[in-house]
Amino acid sequence: MTAETDRTASAEGSAAPASVASGEIKAPAVDAPPETQEVAWRHEHLLDVDGLTRGELELVMRTTDAMREVLSRPIPKVPALRGTNVTILFYEASTRTRVSFEVAAKNLSCDVVNIAASSSSVSKGESLVDTVRTIEALGAHMLVMRHPASGAPYLAAEVFGGSVLNGGDGWHGHPSQALLDLYTLRTTIPGGSLDGKKVVILGDSLHSRVARSNIWTLTAMGADLWICGPSTLLRGFEGWAARGAAGRRFTVTSDMGAALKDADVVMALRIQKERMSSGLLPSLREYAARYGLTQERLRAAKPDVIIMHPGPMNEGVEIAADVAVDPRSVITAQVTNGVAVRMAMLYLLAGIRRRGGKA
Ligand code: MLT
């Protein structure tokens, strides 16, 4: 089973609960515990975004709006998840994702434990399954994890009694990043609709879990999605696009001029050297010269193009320093929105757990 076939199957198999499909989506009152709220959320884990319907994505967006309101208060904290223990287990480096999950959990009054795999029994050879079982025995109700192996959070979800939130697994998925990207676009695009908007993901899609998760959310919301980069970094995407996985279509091209022409949004991706085998790129210098996002290249896009990057950035490689800080860049807003989106996800998942199962 490849990650791709797995995701296609689950996307096709998903059906929205009636209240979500009807379009009457109300944000929960997030000052109150989630089990007291009527919301049409049915997922126990956040492993990827492929199984989320448009209605469920709308619910996440509305819940994130409510969390943003909490964050605007003088004391940006609610007691909603008091008594919930969250463990954050990261087997890979991270700044944004790890810290924003921690801040999000604390803002909801969770108790938080952080484990860096390098300083835990993992370094003595403990297996992932044993580590997860130990974390549960120590009282965790929710587990946020990042792992270099695609699929690792799925394995953790099989053995962990609570909810697992995927903070990035190998090349496969980065669901909270895709949700915060969606939220950032929804709150930046005039009118808030992605329907028909040309969104370009530019760069190293091959190694990017951010690209793979964003494909699901952006196509679900009706964007005209383009994936662009050197052909060596697009392997597999053409086949995926041609099959129109779960009825969702996107364009794959190495022609940067065609991709950027009249684009509404450009999201540059980092060249992920740590995941790259040799021979895929002649050199970073050549990559920057041919595919780096510069002011000159951006002139092909719409004048009010929205510039994104999931971070961390390699300025001067995939994105020029002046593009990163251009007034049209929402890169800092992406980071800020990450806290509200992660609060929303912890809240929705905790509601399922506290009700003792699926809604
Ligand atoms: C990730 O963890 O995938 C990041 O958010 C993006 C990157 O590493 O380039």
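1. Start with the strand pair β1 and β3. In this predicted model, β1 covers residues 85-90 and β3 covers residues 142-147. The two pair in the parallel sense, over five bridges. One position to look at is Leu89, which stands opposite Met145 in β3.

2. Now widen the view to the sheet. Four strands form it, in the order β2-β1-β3-β4. The sheet is open, and the pairing is parallel. Strands of a sheet pair through backbone hydrogen bonds, either parallel or antiparallel. The edges here are β2 (111-116) and β4, each of which pairs on one side only. Ignoring direction, neighbouring strands are turned by 15° against each other on average.

3. Which helix lies across β1, β2, β3 and β4? That is α4. Helix α4 runs at about 175° to β1.

4. Next, the domains. The domain assignment splits the chain in two. Domain 1 takes 3-174 + 338-354, and domain 2 takes 176-334. Their C-alpha centres lie 25 Å apart.

5. How many residues of each domain are in contact with the other? Domain 1 gives 28 residues and domain 2 gives 24. On the domain 1 side, the elements with two or more residues are α1 (3-13), α3 (54-71), α4 (96-107), β4 (163-169) and α14 (331-354). Helix α3 gives the most, with five residues. By class, the domain 1 side has 10 nonpolar, 10 polar and eight charged residues. Note that α4 and β4 appear here and also in the sheet region, where α4 lies across β4.

6. Then the helix pair α7 and α14. Two packed helices are described by the angle between their axes and the distance between the axes. Helix α7 spans residues 175-188. The axes of α7 and α14 come within 8 Å and cross at roughly 115°. The crossing is right-handed.

7. Look at the residues of that contact. From α7 come Ser176, Leu179, Leu180, Asp181, Tyr183 and Thr184. They meet Ala333, Gln334, Asn337, Gly338, Val341, Arg342 and Met345 in α14. These residues divide into six nonpolar, five polar and two charged.

8. Last, the ligand. What surrounds the ligand? The residues are Gly168, His174, Gln177, Arg209, Val210, Arg270, Gln272 and Pro310. By class, this shell has two nonpolar, four polar and two charged residues. The two charged residues are Arg209 and Arg270. The two nonpolar ones are Val210 and Pro310.

Terms used. Residues numbered from 1 in each chain as written. Predicted model: local features only at pLDDT ≥ 70, side-chain atom pairs only at ≥ 80, totals over all residues. Domains from an automatic or database assignment. Contact = placed C-beta atoms within 7 Å. Nonpolar A, V, L, I, M, F, W, Y, C, P; charged D, E, K, R; others polar. Pairing = 2+ DSSP bridges. Axes fitted to C-alpha atoms, helices over the stretch in contact; angles between N-to-C directions. Near = placed C-beta within 6 Å. Left-handed = near helix turned anticlockwise from the far one by under 90°.
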